[in-house]
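User: I'd like to go through this one by asking where each label comes from. Could you set each value against its cut-off for me?

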Amino acid sequence: MTAGTRASTRPRPSGADRTPRERATPTRYERHPRFEGPAWLDGPMTSSHLVLGSAGLLLAIGLVMVFSASAIEAALADEPAWAPGVKQVALACVGLIAMFAALRMPVGFIRRWSPIGLLVGVGLLVVVLIPGIGAELNGARQWIDLGVTYFQPSELAKLVFALWGAHVLALRERYLTTRSLLVPVLPVFGILSLLLIAEPDFGAVVSLGLVLVGLLWGGGMPLRWFGWFALAGAVVLAVLVKLAPYRMARITAFLDPFADPSDGGFQAIRGMYALATGGLWGVGLGNSAMKWNLLPHAESDYIFAIIGEELGFLGCLVVVTLYGVLSWAGFRIARRSADRFVQLASVAITVWLVGQAAMNMGYVVGLLPVTGVQLPLISAGGTSLVLTLFIVGLLARFARSEPAAIEAQRAQPRGRLARFLLPVPAAAVDPVRPRRRSADRGPERSATGGRTVLHPRSAPPWSGGPRSTPPAAAERPRALPPRTVPPRDGRPAGSGATGAGRRQPPPTVAPRRPRSPR
């Protein structure tokens with residue numbers, strides 16, 4: 001039970017004990033919750049613990065399953081059986097470093113550099129299309145070869161789009177309308193989608209659409225607009241399927257995979273066989289038969305099928321439950337945070353991660369068409385794993401900036417190492433300051449959520465020193481000449497009673513201090 005669902009148990013006064021205002025107010029019947037959870041669910045640090053705990057368990061399951069699913073294929077290719085698993089562990093260590101870096105990042109720093117990150121993401125999506133720079137694998141140019149691993153710019157583009165969109169919508173919160181909600185976000189989504197389709201990477205377009213849905217949902221988009229978006233998405237999907245024959249083959253294989261068991265439905269049928277073989281308890285860790293080159297991409301796209309085969313239905317249920325906990329924790333952060341940017345970013349990231357996991361598990365069990373998206377924190381991959389752990393660090397950082405969490409961290413004693421690794425956020429709402437400061441600028445503007453806060457700069461010191469006073473002549477305000485307001489009918493002043501100008505009293509002018517000579 002969360003703080004938002006707890007009902008008050010204080011009895012309402014009745015009869016003579018009620019004040020006149022309470023008598024005039026209609027009586028409201030207070031509803032008590034049906035189920036009361038444990039007390040620790042209402043704790044101030046619960047969100048952070050749930051995010052880190054669920055993500056850590058998913059990462060541990062993923063590392064074990066990557067070792068199991070990739071060992072046979074590596075051995076058949078005359079490579080060490082442990083090589084793919086060790087590579088995944090090394091990438092996980094890099095991701096953990098990125099996660100701790102995200103835990104230390106101020107929210108204002110993230111917002112300040114999100115527009116630059118978006119430009120970098122767009123630039124990388126353009127660069128990956130250049131032959132010789134972008135590596136072409138399986139008919140798609142989606143990766144940049146770094147030597148030790150492949151870098152996928154689409155993963156970075158999804159992350160920076162989520163952060164930039166949350167930043168822009170938070171700045172427009174006070175005057176946010178449907179048009180201002182769509183105009184900054186929808187065109188950028190269209191540009192990124194066109195670049196992703198040019199690779200082509202249809203799965204990344206769907207994941208980017210999940211980020212867009214999260215931003216619009218968190219921003220308060222009316223539900224009827226989502227219906228129009230679904231209709232437009234169906235039209236675009238029909239056009240894309242018409243243009244590319246292989247997409248039509250995927251749709252046909254989804255509807256009836258046994259119609260083409262040797263080509264289009266081969267992977268889907270093998271995934272179903274793996275799940276059926278596992279049953280309730282599974283065949284045991286490492287005893288999968290489908291990983292002997294019978295199921296393509298067993299360690300990445302179809303690793304959920306290997307989990308079902310080796311660990312059974314119970315193992316799949318544990319994975320689904322952990323994603324549900326991560327989803328609940330992400331929405332809890334959005335509900336309890338005081339920063340509008342944190343609310344929007346948490347919703348967008350949670351919808352993206354959990355939606356992508358649902359799509360992967362959906363096409364493995366045959367409920368959705370095969371899109372090629374990976375299972376976050378579990379599938380083998382370089383860029384995806386590192387950036388997903390960075391996102392987990394961002395969610396934990398957002399959780400630690402809840403008002404109740406800040407008070408709890410300040411109240412408990414913390415060692416020097418804890419203060420260095422996990423510093424307490426200075427405020428629940430971190431102001432956004434410009435990237436560069438100039439001495440000649442005016443008042444410094446910083447946005448906090450949907451509000452803009454003015455930070456006036458200190459006045460320049462007088463030439464006589466910091467304790468000297470300005471000259472006496474500067475303390476007297478100089479009266480301005482009377483202002484003559486022209487008549488509305490356009491006749492010159494003084495041409496009659498109706499055309500005479502009206503004199504207004506001189507405005508009050510605050511005393512100005514002279515600047516020191518430079």
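User: What makes Phe229 count as partly exposed?

Analyst: Happy to start there. This is a predicted model, in which local features need pLDDT of at least 70 and side-chain atom pairs count only at 80 or more, while totals for chains, interfaces and linings use all residues. Residues are numbered from 1 along each chain as its sequence is written, and side-chain values use heavy atoms, without hydrogens or water. Phe229 has a relative accessible area of 26%; buried means under 20%, exposed over 50% and partly exposed in between (1.4 Å probe, protein chains only), so Phe229 is partly exposed. Trp225, at 28%, gets the label partly exposed too.

User: Why is the pair of Trp225 and Phe229 called tilted?

Analyst: Rings of Phe, Tyr and Trp (its six-membered ring) pair if their centres lie within 6.5 Å, and planes under 30 degrees apart are stacked, over 60 edge-to-face, the rest tilted. Trp225 and Phe229 have 6.5 Å between centres and 50° between planes, so the pair is tilted. Both residues lie in helix α9 (residues 223-243), 4 residues apart, about one turn of the helix. Helices here are DSSP runs of H or I with at least four residues, strands are runs of E with at least two, and both are numbered from the N terminus.

User: What makes the pair of Trp217 and Phe331 edge-to-face?

Analyst: The angle between the planes of Trp217 and Phe331 is 75°, with 5.7 Å centre to centre, so the pair is edge-to-face. Trp217 sits in helix α8 (residues 202-219) and Phe331 in helix α12, so the two rings tie together parts that are 114 residues apart in sequence. At 46% relative accessibility Trp217 is partly exposed, and Phe331 at 26% is partly exposed as well. The structure holds 7 aromatic pairs. Phe161, Trp164 and Phe189 form one aromatic cluster.

User: How do you know that Glu136 and Arg141 form a salt bridge?

Analyst: A salt bridge needs a side-chain nitrogen of Lys or Arg within 4 Å of a carboxyl oxygen of Asp or Glu. For Glu136 and Arg141 the closest N and O atoms are 3.1 Å apart, so the pair qualifies. Glu136 is partly exposed at 48%, whereas Arg141 is buried at 19%. The two residues are also bridge partners, with Arg141 in β2.

User: Which other salt bridges can you show me, out of how many in the structure?

Analyst: The structure holds 4. Lys291 and Glu310 form one of them, with 3.3 Å between the closest N and O atoms. Lys291 lies in the loop between α11 (266-278) and α12 (303-336) and Glu310 in α12, so this salt bridge ties together parts 19 residues apart in sequence. Both Lys291 and Glu310 are buried. Glu402 and Arg336 form another, at 3.1 Å. This pair links distant parts of the chain, 66 residues apart: Glu402 in the loop between α14 (383-400) and α15 (403-411), Arg336 in helix α12. Glu402 and Arg336 are both buried.

User: What makes β1 and β2 a pair of strands?

Analyst: Two strands pair if DSSP finds at least two bridges between them. Strand β1 (residues 134-137) and β2 have 4 bridges, in the antiparallel sense, so they qualify. They form a hairpin with 2 residues between them, and Asn138 in the turn has a positive phi of about 55°. β2 also pairs with strand β3 (residues 150-151) in the antiparallel sense, over 2 bridges. In that second pairing, Ile144 stands opposite Phe151 in β3. The hairpin of β2 and β3 has 4 residues between its strands, and Gly147 in the turn has a positive phi of about 95°.

User: Why is Thr149 called buried?

Analyst: Thr149 has a relative accessible area of 17%, so it is buried. Thr149 is in the loop between β2 and β3. Leaving aside neighbours within four places in sequence, Thr149 is in contact (heavy atoms within 4.5 Å) with Lys87, Ile144 and Gly382.

User: How do you know that α14 is largely enclosed by the rest of the structure?

Analyst: 18 of the 18 residues of α14 are buried, so that description follows.
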